[in-house]
Amino acid sequence: MRISCVIPTRNRPEMTCRAIASVAAQDTPVSEIIVVDDGSTDHTAALVAARFPGVRLLHRSGLGPGLARNAGVVEACGEVVMFLDSDDVWLEGHVARLVRTMARGFPVAYGVTRNCDQVGGGEFCLPEPGMTLEGHCLAALSRWCFLVPSAMAVEKEACVAVGGFGPGELGEDWSFFIRLAQRFPFGFCGEEPITLRYLHHGSLCNGANSERLETLLATVFCALAETGAAAENLVRFQALADWTRQQGDWQTIQQWYISLKQEELL
């Protein structure tokens, strides 16, 4: 099985190198690492090229994380694509566990992400213990996005078949997962975290103001409607969206999630 790792980045030189190093440290090697430099104005691309000359470096400009991932998928030689955001790292056994899960017949596999919240403090896991799911996941994804790109693997053909990630900085991953779940079953690789995600002041999910959340909500609702989600799931998501619009801003997506749980909207 040939595996391509796609890392989108912009103006994150040291973080990107840390991410690449976590891929290189895997016991099960990937076939290639593709870094999509999305218009960096600093030395990110130069540092990656100097420290990791074997990495394929693509230069794009202002695509955003989703479309930058798509650009990497187009160039990927692997039958399977694994993603890694530039501020995340793969933990030991990441590749091996996802590969074993796909070998059970799943075109999409995902695992647990341990989130280190450097904004609000503390750590939490996504999905939460006891909230994992395997098989048909569309109904669950209409409630909440329980995985991240950095903790998943997908067959390249499946990724292309659903059109890849969408544009924008929020909701592009959630809508992608919804389109995948409408057509393919998801495999889960176990409760032990496979990815470490840093939520910092420069994270795209930091600053969940009303304008950004409105864009996210519209993106996800369109994906649900296009995939033919059950009416009850659309109604539930609409209730979540209406409540969110009435409440205003949150500091982070995680704080928004906690508020939704407290209101029993998930």
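This section describes helix packing, the nonpolar cores, aromatic pairs and selected backbone features of a predicted model.

Two helix pairs that share H8 were examined. Helix H8 spans residues 210–226 and helix H9 residues 231–247; their axes come within 11 Å and cross at roughly 170°. Because angles over 145 degrees count as roughly antiparallel, H8 is described as roughly antiparallel to H9. On the H8 side the contact is made by Leu213, Glu214, Leu217, Val220, Phe221, Leu224 and Ala225. On the H9 side the contributing residues are Leu234, Phe237, Gln238, Leu240, Ala241, Thr244 and Arg245. By class, the residues of this H8 and H9 contact comprise 10 nonpolar, two polar and two charged. Residues three or four places apart on an α-helix point the same way, because the helix has 3.6 residues a turn.

Helix H7 (residues 172–183) also packs with H8, at an angle of about 10° and with the axes 9 Å apart. This arrangement makes H7 roughly parallel to H8. Trp174, Ser175 and Ile178 are the H7 residues involved, and they meet Leu216, Thr219, Val220, Ala223 and Leu224 in H8. The contact of H7 with H8 divides into six nonpolar and two polar residues, with no charged residue. Val220 and Leu224 of H8 take part in the contact with H9 and also in that with H7.

The largest nonpolar core holds 81 residues, of which Leu141, Met152, Leu180 and Trp256 touch the most other members. With residues up to four places away in sequence not counted, Met152 touches Val81, Met82, Phe83, Leu98, Val108, Ala109, Tyr110, Leu147, Phe176, Phe177 and Leu180. A second core, separate from the largest, consists of five residues and includes Val89, Leu91, Leu196 and Tyr198.

Aromatic pairs number 12 in the whole structure. In one of them, Tyr110 and Phe188 are tilted, with 5.1 Å centre to centre and 45° between the planes. Tyr110 belongs to strand E6 (residues 108–110) and Phe188 to strand E10 (residues 186–188), so this pair ties together parts that are 78 residues apart in sequence. Tyr110 and Phe188 are both buried. One aromatic cluster is formed by Trp144, Trp174, Phe221, Phe237, Trp256 and Tyr257. Among its members, Trp174 contributes to the contact of H7 with H8, whereas Phe221 and Phe237 contribute to the contact of H8 with H9. Trp256 and Tyr257 of the cluster are among the buried residues of helix H10 (residues 253–262). The other buried residues of H10 are Ile253, Gln254, Ser259 and Leu260.

Helix H3 (residues 65–75) is mostly covered, with eight of its 11 residues buried. These buried residues are Pro65, Gly66, Ala68, Arg69, Asn70, Ala71, Gly72 and Val73. They pack against four strands, E1 (3–9), E2 (32–38), E3 (56–60) and E4 (80–83), and against helices H6 (156–161) and H7.

Two residues of helix H4 were considered individually. His94 lies in this helix, which covers residues 94–102, and is buried with a relative accessible area of 0%. Apart from its neighbours within four places in sequence, His94 is in contact with Gln26, Met82, Ser150, Ala151, Ile194 and Thr195. Val99 is likewise placed in H4. Leaving out residues up to four places away in sequence, Val99 touches Met1, Ile3 and Met82. Met82 is thus listed among the contacts of His94, of Val99 and of Met152. Between Val99 and Tyr257 the separation is 158 residues in sequence and 30 Å in space, C-alpha to C-alpha.

Three backbone features complete the description. The peptide bond from Leu126 to Pro127 is cis, with omega near 0°. Pro127 is placed in the loop between strand E8 (123–126) and helix H5 (138–141). Asn11, although not a glycine, has a positive phi of about 55°. This residue lies in the loop between E1 and helix H1 (13–24) and is partly exposed, with a relative accessible area of 28%. Glu264 is also a residue other than glycine with a positive phi, near 55°. Glu264 lies in the segment after H10 and is exposed, with a relative accessible area of 70%.

How values were computed. Residues are numbered from 1 along each chain as its sequence is written. This is a predicted model: local features need pLDDT of at least 70, side-chain atom pairs count only at pLDDT 80 or more; totals for chains, interfaces and linings use all residues. Side-chain values use heavy atoms; hydrogens and water are left out. Axes are lines fitted to C-alpha atoms, for helices over the stretch in contact, and angles run from 0 to 180 degrees between N-to-C directions. Angles under 35 degrees count as roughly parallel, over 145 as roughly antiparallel, 65 to 115 as roughly perpendicular and the rest as oblique. Contact means heavy atoms within 4.5 Å. Ala, Val, Leu, Ile, Met, Phe, Trp, Tyr, Cys and Pro count as nonpolar, Asp, Glu, Lys and Arg as charged, and the others, Gly among them, as polar. A nonpolar core is a set of buried Ala, Val, Leu, Ile, Met, Phe, Trp, Tyr and Cys residues joined through side-chain atoms within 4.5 Å. Buried means under 20% relative accessible area, exposed over 50%, partly exposed in between (1.4 Å probe, protein chains only). Rings of Phe, Tyr and Trp (its six-membered ring) pair if their centres lie within 6.5 Å; planes under 30 degrees apart count as stacked, over 60 as edge-to-face and the rest as tilted.
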